[in-house]
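Okay, thanks for coming, everyone. I'll put the model up and then talk you through a few parts of it.

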Amino acid sequence: MPPITFDSKIPEGSIQEKWDNHKFSIKLVNPNNKRRFDIIVVGTGLAGASAAATLGGLGYNVKVFTFHDSPRRAHSIAAQGGINAAKNYHGDGDSIYRLFYDTVKGGDYRSREANVYRLAQVSNNIIDQCTAQGVPFAREYGGLLDNRSFGGAQVSRTFYARGQTGQQLLLGAYQALAEQIHAGSCTLYNRTELLDIVVVDDRAAGIVVRDLLTGEVASHSAHAVVLATGGYSNVFFLSTNAMACNVTAAWRAHRRGALFANPCYTQIHPTCIPSSDEFQSKLTLMSESLRNDGRIWVPSTAHDDRSPDAIPEGERDYFLERKYPSFGNLVPRDVASRNAKGMIDEEKGVGPLHNGVYLDFAASIERLGEQTVRERYGNLFDMYERITGENPYQVPMRIYPAPHYTMGGLWVDYNLETSIPGLYAIGEANFSDHGANRLGASALMQGLADGYFVLPYTIGDGLAPRLGEKLVDTGHEAFRAAEARVQERYRGYLEVKGTRTVDHFHRELGKIMWDYCGMERTRSGLEKAISEIPALYDEFRKDLRVLGGDTSLNQSLERAGRLDDFFQLGLLMCEDALQREESCGGHFRAEHQTPDGEAQRNDDDFAFVGAWEHTGEMQAGTLHKEPLVFDNVHLAQRNYA
Amino acid sequence: MDLTLQVWRQDGPTTSGRFETYAAPGISEDMSFLEMLDVVNERLAADGKEPITFDHDCREGICGTCSLMINGKAHGPERGTATCQLHMRKFNDGDTIVIEPWRATAFPIIKDLMVDRSAFDRIVEAGGYITVAAGSAPDANLIPVPKPVADAAMDAAACIGCGACVAACPNSAAQLFTSAKVAHLNLLPQGQSERYARTEAMVDTMEQYFGSCTNHGECQEACPKEIPIDFIATMNKDYLRAKLKNRRYLSRTP
Amino acid sequence: MASTTVARAATSRPAPQKPKRRAPLPIELYRSAVGKKYVMAITGIALMGFVFFHMLGNLKMYLGPGHFNEYAEWLRTLLVPFLPRTTTLWLMRIGLIVAFALHIHAAYSLTRMNHAARNTKYQGRRDYVAANYASRTMRWSGIIVGLFIVWHLFDLSWTGTGYTFVRGAVYENVDGSLSRIPVGILYVVANIALGFHLFHGAWSLFQSMGWNNPRFNRWRRDFAAIFAAIIVVGNVSFPLAVMAGVVGVG
């Protein structure tokens, strides 16, 4: 186990100068020497594809790994809403400083000021870059870029491409990567999953991967390894994430010594379609923009099973408008989500399973006309109808919150390097920029900022001193041992020969996590989860049934490995939620709320990044605290009333 | 509802496959098609049989991973809908559903219903991009793009790369996929510098793998994003121009 | 056809193509499938023009033997005295032969390419939505029309097919051949096949040529349907008229 290095490397100077100072002071790799460095990038979402393309374009030798059939499948593709940038194209008073301020505040003062400021700075470059790549952002009639206000922001700074912004940005990055693959600077390994990180002499020396088609386990070494492997909302089983999203890469790094920061910060998105039966495999998100024109309500009395049009106006509770008169239906995601849960806990839920609240467009259709509503939300309404079989122009939509994004992730310093030297984490896989809660349209911004504009600079600082250093041979005993462990682990799942499937255990784990570590957490609930998870894990190890073999494609076997890591992560999430005796952003402890039900932070004791060190299988680990200092933004309690 | 499935099972790329029949009783009409397959797989596993392998990921119709020929139609009976968003209420109690993988020489079967669509990546690698090094881009509002042009580019860019166009085409042609990517980039002012080299390279690469277009129009019916075949006509036009224009770049290596 | 094994890690970079020698533009274009479709479309337009004027000219038979044979003679003397007699006719015939040859060769090689692109057919039944009978039977309707044309040339231009054939006596030959019921039926069937071929081909050529414009797109299908209908009605009327005795030396 390498010693914990815990230096956030935040540069000197005023907040405005830090990034420029840093870029000047870090070491550079001469253009002619870049080809002498091998870099591994794992994951091809926004962060991974943009980083690999940029590093390849700079001249590094890049190996890119994805477990999908094509880089374009990564789940960044599903982001709908948009991407923020401080362009101030609409002259409504936006600026880099305002974007920085809003992001720190939105993150409930649990992020690093320096990182967030840098994010706001490069946000404008992202828009320029993507536009030049051919991302078809929405335009105004004059041909210039259109913006909208998103997630309650008071300026219009969100760039979008219909409801498919993530898709278009990812295709841009994928195409840039495709160009580098064609040029030979990047080599793509598709349908290949990372299963271990190899650390030699306290440095990341390479990775161990499994070919999903043949089950073959192989090693790759490099001067630097970049993890861009996304978030872990699938620990809840039902989430808006794609089926294959998982924590394995980050968790394997954590086991090798990388600190895992703020695992309990999870974002619950308020506008998802509620599940319709016990076989539901995922939840579908609908853009938050729906809340601009939809009114959220439940029947005033519990157990009211009348159809919505039979409930008169006086017997409806527009609870967000009632409790938050100034923001109404546009309160932040966590507030909207928690209030919806509150209504369902009061047994006022609607729909066949009483697991939703109404999002009603009747008033908007009356005010704006059906045509205008169709223009604004037509594709979302169509999607809703495809999934539920109900026509939202006539019947109110039913919505419910669902896990959506995880702010926590691998701890990284200002260079995006984890606590294992030579191992970097970017995008949702790291913890860095969103604090305890992520603002709408900020995830795409962060992924691309890391990939196009931050990592390609900062990685040189670590590489430059290592010019001429030979790669660790993949025949090295550390690689051999890691390969053997992977093979043994996967053979192990096949040999249990129990009675219950991977999905069965995943549902059970998800239920524990959702009930006790979901939108609202309590000490007793978390303690219960901490005792139940290891017990369930034990059963998983004893009663798992995976059919088929490990020498050809086996989807159940892949999922077994991912679920194994989710168990261990789930435990850590609960431990982290338990130690954080405050409510902030996506972490709401019922014990810590203001009299009117708002999150109550404890800045004196908890203004820190909670970074966990792995100490052993199914153990909580050791908590390290990186204090957060706020020189520019003044700590204030959020208030949306 | 109670269904009977005839599912193509094939152990690997080189082995021969066969249809197997499975009873699927008690299916809820609120399930998506893939959730129905999940249920069938859980039951197969309970019986000690290896589950059916099929490609899927986002399950919200955008990643393009899911496929499946359902009753002889790519992505099944509902127009403009990928398999993952197809719901069982589109079927009737007692139906027999035939499920087959995409079939094209360029999409070899990996296992059961899963195929390899890497040939699409090869087409994009040949020229489906606009070259711009990170950091070198001018201000985004420097080049206005007329709204109708941006909208048309977005219509083309909506392609999810699922391969239904190839699967549905009687000729296994990939014209709709390729033309959508070509049109997306060729329509935009930012894409003009590489317009003709791109068109030529992408079409030539496409033809190494796929069949030719005989204008059946089956692809646009199967496309979950309803991309029109008008883009194919536009690509043909650009290809001819490319052949003419690219000849002028005498020093350019082919 | 490129490699069709399942692409594996790191081998997925495309194999460098051996640089093709630059050929003259038409040949280079013809090497590609898109180029072959251009050739199909252009030769198709030429053949459509022929079919149309052939039908139009044949309508003269309703005016009686004098007019009809006069028309046939006019064709032989086109552009005389600028060019010797029958020269123009031969130039047009050569043009048609070349168009036919290219149309058939392009169709043949594209068909082979399409067969290779799906080495294993769907094992279940296909359910087509847009592909219609005409579009899916192009190669069969094409073969029928091609074989018919050969027969048609023997029948009325070269040797006759069993009736009293007199070279140059066009009206009498038509009457002699088509008054035989089986031959008349053959002409009807072949022209219906031609109609199907034109119904898809006359639409398809717009796509292949890249003639695509929202202003006229909705007319493309109509044009093809009307064109095919005119040709079929005109051409089928001839054997029917002969068999009914409307046309004939009596």
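I'll start with chain B, go on to where it meets chain A, and finish with a pair of helices. Keep in mind that what you're looking at is a predicted model.

So, chain B. It has 254 residues, and 65% of them count as buried. If you go through its secondary structure, you get eight helices and seven strands. As for size, the C-alpha trace spans about 65 × 40 × 35 Å along its principal axes. And if you take the contacts in chain B with a separation of 6 or more, 70% of those come from residues 24 or more positions apart.

Now, how many residues of chain B are in contact with chain A? It's 65, and they meet 65 residues of chain A. On the chain B side, the elements giving two or more residues are the helices α1 (33–46), α2 (118–127), α3 (147–157) and α5 (175–187), plus the strand β6 (109–111). By class, that side of chain B has 30 nonpolar, 19 polar and 16 charged residues.

Okay, over to chain A and two of its helices: α13, residues 502–517, and α14, residues 523–543. Their axes come within 9 Å and cross at roughly 170°, so α13(A) is roughly antiparallel to α14(A). Who makes the contact? From α13(A), the residues include A:F505, A:L509 and A:I512, and from α14(A) they include A:L526, A:I533 and A:F540. Broken down by class, this helix contact has 10 nonpolar, one polar and three charged residues. A:E508 of α13(A) and A:K528 of α14(A) are among the residues making it.

Terms used
Residues are numbered from 1 along each chain as its sequence is written. Chains are lettered from A and ligands numbered from 1 in the order in which they are written. This is a predicted model: local features need pLDDT of at least 70, side-chain atom pairs count only at pLDDT 80 or more; totals for chains, interfaces and linings use all residues. Two residues are in contact if their C-beta atoms, placed from the backbone, lie within 7 Å. Helices (H or I, at least four residues) and strands (E, at least two) are DSSP runs, numbered from the N terminus. Ala, Val, Leu, Ile, Met, Phe, Trp, Tyr, Cys and Pro count as nonpolar, Asp, Glu, Lys and Arg as charged, and the others, Gly among them, as polar. Axes are lines fitted to C-alpha atoms, for helices over the stretch in contact, and angles run from 0 to 180 degrees between N-to-C directions. Angles under 35 degrees count as roughly parallel, over 145 as roughly antiparallel, 65 to 115 as roughly perpendicular and the rest as oblique. A residue is buried if 20 or more other C-beta atoms lie within 10 Å of its own, exposed if 12 or fewer, and partly exposed in between; C-beta atoms are placed from the backbone.
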